[in-house]
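Trainee: Before we look, I would like to go through how the labels in such a description are justified.
Mentor: Then let us set each value against its definition.

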Protein chains: 2
Amino acid sequence: MEAAGEPQSNDIGSNAIDESISSSELATRLSMEAEAVTNGETDLESLNQPLLKRNRTLSASHLAMVGAKVSHIESLDYEINENDLFKQDWRSRSKVQVLQYVFLKWKLAFLVGLLTGLIATLINLAVENIAGYKLLLVSDYVQEERYMMGLIVLTGANFLLTLSATVLVVFFAPTAAGPGIPEIKAYLNGIDTPNMYGASTLFVKIIGSIGAVSAGLDLGKEGPLVHIGSCIASLLGQGGTDKHRVKWRWYRIMNNDRDRRDLITCGASSGVCAAFRSPVGGVLFALEEVATWWRSAILWRTFFSTAVVVVVLRAFIEFCSSGKCGLFGNGGLIMFDVSNVTVHYNMMDILGVALIGLIGGVLGSLYNYALHKVLRLYSLINERGKLAKILLSLTVSIFTSVCLYGLPFLVGCTKCDPSISKFECSTTGRTGNYKRFNCPKGYYNDLASLLFSTNDDAVRNIFSTNTPGEFHSVSLVIYFVLYCILGLFTFGIAVPSGLFLPIILIGSAYGRLLGIAMGSYTKIDRGLYAVLGAASLMAGSMRMTVSLCVIFLELTNNLLLLPVTMLVLLIAKSVGDCFNPSIYEIILELKGLPFLDANPEPWMRNISVAELADVKPPLISLRGLEKVSRIVDILRNTTHNGFPVIDDDVTVPSSEGTKARELHGLILRAHLVAVLKKKWFLNQPRKTEEWEVRQRFSWVELAERDLDFEQVAISKNEMEMYVDLHPFTNKTPYTVVEDMSVAKAMVLFRQVALRHLLIVPKYQGAGIYPVIGILTRQDLRAHNIQTVFPHIAKTKGREKQK
Amino acid sequence: MEAAGEPQSNDIGSNAIDESISSSELATRLSMEAEAVTNGETDLESLNQPLLKRNRTLSASHLAMVGAKVSHIESLDYEINENDLFKQDWRSRSKVQVLQYVFLKWKLAFLVGLLTGLIATLINLAVENIAGYKLLLVSDYVQEERYMMGLIVLTGANFLLTLSATVLVVFFAPTAAGPGIPEIKAYLNGIDTPNMYGASTLFVKIIGSIGAVSAGLDLGKEGPLVHIGSCIASLLGQGGTDKHRVKWRWYRIMNNDRDRRDLITCGASSGVCAAFRSPVGGVLFALEEVATWWRSAILWRTFFSTAVVVVVLRAFIEFCSSGKCGLFGNGGLIMFDVSNVTVHYNMMDILGVALIGLIGGVLGSLYNYALHKVLRLYSLINERGKLAKILLSLTVSIFTSVCLYGLPFLVGCTKCDPSISKFECSTTGRTGNYKRFNCPKGYYNDLASLLFSTNDDAVRNIFSTNTPGEFHSVSLVIYFVLYCILGLFTFGIAVPSGLFLPIILIGSAYGRLLGIAMGSYTKIDRGLYAVLGAASLMAGSMRMTVSLCVIFLELTNNLLLLPVTMLVLLIAKSVGDCFNPSIYEIILELKGLPFLDANPEPWMRNISVAELADVKPPLISLRGLEKVSRIVDILRNTTHNGFPVIDDDVTVPSSEGTKARELHGLILRAHLVAVLKKKWFLNQPRKTEEWEVRQRFSWVELAERDLDFEQVAISKNEMEMYVDLHPFTNKTPYTVVEDMSVAKAMVLFRQVALRHLLIVPKYQGAGIYPVIGILTRQDLRAHNIQTVFPHIAKTKGREKQK
């Protein structure tokens, strides 16, 4: 556990951390606090309570649910740190080094694409083969009418696969559970959730994803692939705060959070691209949903990464098309190709399409609401311990297996229609649109075509066009209800799981149902209705538009669908937005990640930053020449990450004789720790020369974020010595005047990607302190401000002005 | 001419504007200065001189070439102005008003899409019919072997069409010349070029575009459509500084530059969408190339606009498909549909594709270089007066007509290959891939298929697939050389012209040539080679990637082309970037528009903002209670647009008894003018009450940008009176500490979309002035800083760190 976990706040003097406690004590206390959160309230009433308790002061929350555990979170330093050492480094960089740096960025983007593509290939290969052989085996039992044996084999195989996935996740990488997309979104917003991007997480995510998807659970490999892409990017760029990371020398050139952020954006795009084989969609997904900051240079590099992914996937598909990859055939990589369909629609069809959008919006927000409740319930179960988590996963697995196998027996057999020559009818193998299952020859079981196959195949079957009479309404209703239940109860279990596929499955079901209901009133194929249904539910739940549109475009490979898809997405998103936020925002909120929204609330215009500073604990600042004992004291007793450095009685160069206070800048905790570790102490308080500092410190060292300072033993003598903090101070922190409204300050904070924002007084005169307070991410969050200023909550109802 | 044109600078005391001159004198002087620029140097040496003379001080340049004329430019106020009146307005807005506001935004986005779609339809209809009947007529003469008569009719018709377009442009709306995209890019970056978005510009652009395109000139309607979309958006949102705009009451709610900016972004996307029928491409074009600031809310509304455009276009095509639109048939809207082609390629083809990318990059940067030189030459001609402009256009028109008509006679006739059944061979009509022209029946003239047709048809013909032997190398070489010449010499003439089509024409020529050269080594169709060639030259010249990729995707309607297109675009852009900036950046530079780049130069880290403030003329500030005479004096003698308001001897509320200087904020010139116009003067210097101000001023009035104050007659008595500036002052300007590097300040300036950035001292003490200086857009431009700090130019060679 990290000693100085509190990343944001500047709250010395606040309730708990008031007295002088060592940081290890602090850690214990905080973990007790977390314990209290996790064990204290297991009654069902707590379903409506927030998962994390918050104090009634600003900046109080620095905890978040990370992998079902309460952890400390850190903010990232995206700001350009202009201290003397870093400045020296920029000046001394030669042309060759700059070129090396640019080249390195491109090389890493290439590697991210390459590795993501290869791993996606591996996952697809493994899933198709494992699930394929499993289904073949069970299919044989069904053919021999040994139904019980089939059930046992299927359930057993799925049980073992789920067990392996969940055990890996629970014991080795709890953060590998779930999709990981909310955490990536938070990272790119400036919040570093611990243990998200380590090598073990990557490994567990890959193996766990293979296990969970092969086990036939109602979850996809798409979300995990996004996380995998980001993990690769982070490992390559040495991002995150994982302790055991490799420290290759040649990587040190890329030792700042900004470059890592860009690389992780590349990773996330590559992941989406690998999941849907949709390069442009991947870039847009990162742009619209995941990334907070965006520059055209990133667009350009991200595009390169996804291009590499596509080339890798294409090469692999070409290689496998000759049958060298076991059961991996033309399926595997999701590709709902409907490009051969000529889409005809007239103005009347717009009505049906609008209806799909409407249903998608309503169902999507309902899904978000219900999933939120289920996740709260699950977090109570998961907190009971590792065994509880495993048992929960296994229960879901058994339930899923029984339903998938048992439900097809409820519906009758349908006679094959010989006029449909496109698909082979009454197949017994792994794939096929008309599964024979328990039916006699020449008949097929339509529900088995959807349930008794991999999820990818199920989607391909329900999307299939020119098969108007294939699926009966009853089967589709069963399928819809089943996947609504599974979609809600599978997502929260402790295996790597994506949200895309469950939503596609539910959406396609009601889409196709609606297509049947429209009957002869519509010209649009029922398969396309299914596609539109899937799109509408995604828009209704995830609230993306352009990126979803492009992903569906690239999935369906049919541009004629574009206008209707756009319409569906726009309606679904608008309707959904009336009810609740997107599912990712709900998960972020649930996990307690302090995500900073793009748009300030309207009422934020009515509070000034000075009012916020007033309710915060008093400011802690340092002098440029500071005593060691005071630094140690402050580091021990506060959890702040940045301290203003202020010099008294400085002679102002422009007007000789005038004495003034000088705001020298802001020093980071990490740099104070570095100074203490190197014991760079002076006997006298004197300003040091540049060469003295550069002899002892390199910028590479200072770029490391090492906050653990408890190992440093400082003698009594040393405590009385001094440190010259000037060379380590970021001389140019961003500032706002005290009258600034919170809305404007928040725009600045988010746009420039800050961690600390200094409030300066509007007055100039003797005796006025040059800094009024420090704002951090937590101070600018609507929720936190409303807690402290309850009267503002009254105006909460107002619409956000977008 | 506007009186207070100088928008940015704070340069009282600088060379020319030193003494007390009335603003009408100033205007005369400035126009003389402009005259000097336009007439002084017509010798060819001046080709290498910058078009606009710049003074050797910071903030000196406030002139730009707008429609071949030197004009004053204004910056836009994108910052949220937090003065008392505006704040009062936000507070008093009811829920209904907020909803109205949101609804209005959507309504306007809808209208922008609808009108852009309708106007695009109109232009297409007109062009297809005018050019079609013209070609039919000439075709008849050729059939009758009356070649001379054909030449005369064609040249005459083109002459008249060009004449009408150029006369309209020259006499009624000089800003309608060219594509308008650079100016839109500048607008969205915060620079308001005058007369760009007026009703007359819109009208001339539409009619002029129809005339110029029908005249067979080598230019497209794509760029103008983007401008038309933006014009519509601006007129609907009442943007720009045009004087004669309609002032509907219900629009007043949207009376700030930010909302107008968002709407113009919608307009630009709609224009691209209408040009290429590419909704996603339109959104991405706006995102990648045009817009400087981007929020997900804009993404979402822009997407809505383009969706509307697509629906309009689709309805129109459906309507016309039954032949109700004259000669407008299945052509007209560019749509190089190659979706029926199955693309096969192997690893070997990558070589050819990479070669295309390489050629595209080299040729693209060469094109940029040559076009730059031609535009400089043209500006010398254009400055000779209106007649010179018209003559230049007509010369180009005659040359084009003669070449298009005459060159096909140079090549021989080819016998029709009966095995090719896809296209009708030896057609005499308007369209058709195998034009008979001067050949006997059963033969066709391949060059006539490319030259003797509308540009859209030419593109469709050269992109046509499964026609490997149709075009001979000789014809393609003639075509390539001709369009290289035309592409360079047509763009700068005084008609509305787009860059997309000329580049597509050149690119497709060498693409198809390369396809022929590759012969049997490649599996890729020659039509696809032409498509890739066009893409490569666009990437090489315009340097876009993702948006171009999507536009080509939507144009060709074939997703299998995606990976190769990506590869071509990436290579072409990378190669092009090695030589020069993109064509739009070159035009921006040529026009002298102070565009603010996304990435600061590396050397900007080594200068502090205080150093910039030092070389600027002394700061002019106002007191909170200011004498009328001083305000009038300052307004007359300076051209600044923002003045810091500073109060002396204010009692600090937190510590009673302390007297200090207070930085009250920043007041805009427009608001000072408003105060003078309303003669809101006080006999005594006293603080006014809020109700007093609100009785006289509404926020709607203050939102108007009216800088013309010469009409105000102020008596001697009034001159001695006082004004309370406090309620009009933006109390929360953004500030930076004096040590801030220019690089960091520039990031802040651009990210938060500022017009003025105050530099505050790092010292706090008695006698220190609370503001050191003001930074504006011009101060942060690399070029201007290098002029003042020549020693910095030494390090200029270094790569930008992206």
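Mentor: Two residues are in contact if their C-beta atoms, placed from the backbone, lie within 7 Å. By that criterion 77 residues of chain A are in contact with 76 residues of chain B. This is a predicted model, in which local features need pLDDT of at least 70 and side-chain atom pairs count only at pLDDT 80 or more, while totals for chains, interfaces and linings use all residues. Residues are numbered from 1 along each chain as its sequence is written, and chains are lettered from A in the order in which they are written.

Trainee: Why is S401(A) called buried?
Mentor: A residue is buried if 20 or more other C-beta atoms lie within 10 Å of its own, exposed if 12 or fewer, and partly exposed in between; S401(A) has 23 such neighbours, so it counts as buried. Leaving aside neighbours within four places in sequence, S401(A) is in contact with L154(A), T155(A), N158(A) and G216(A).

Trainee: What makes β9(A) and β13(B) a pair?
Mentor: Two strands pair if DSSP finds at least two bridges between them, strands being DSSP runs of E with at least two residues, and helices runs of H or I with at least four, numbered from the N terminus. Since 2 bridges join β9 (residues 659–668) of chain A to β13(B), the requirement is met, and the two run antiparallel. Within this pairing, E662(A) stands opposite Y763(B).

Trainee: Which strands are at the edges of the open sheet?
Mentor: The order is β8(A)-β9(A)-β13(B), and the edge strands are β8 of chain A and β13 of chain B, each of which pairs on one side only.
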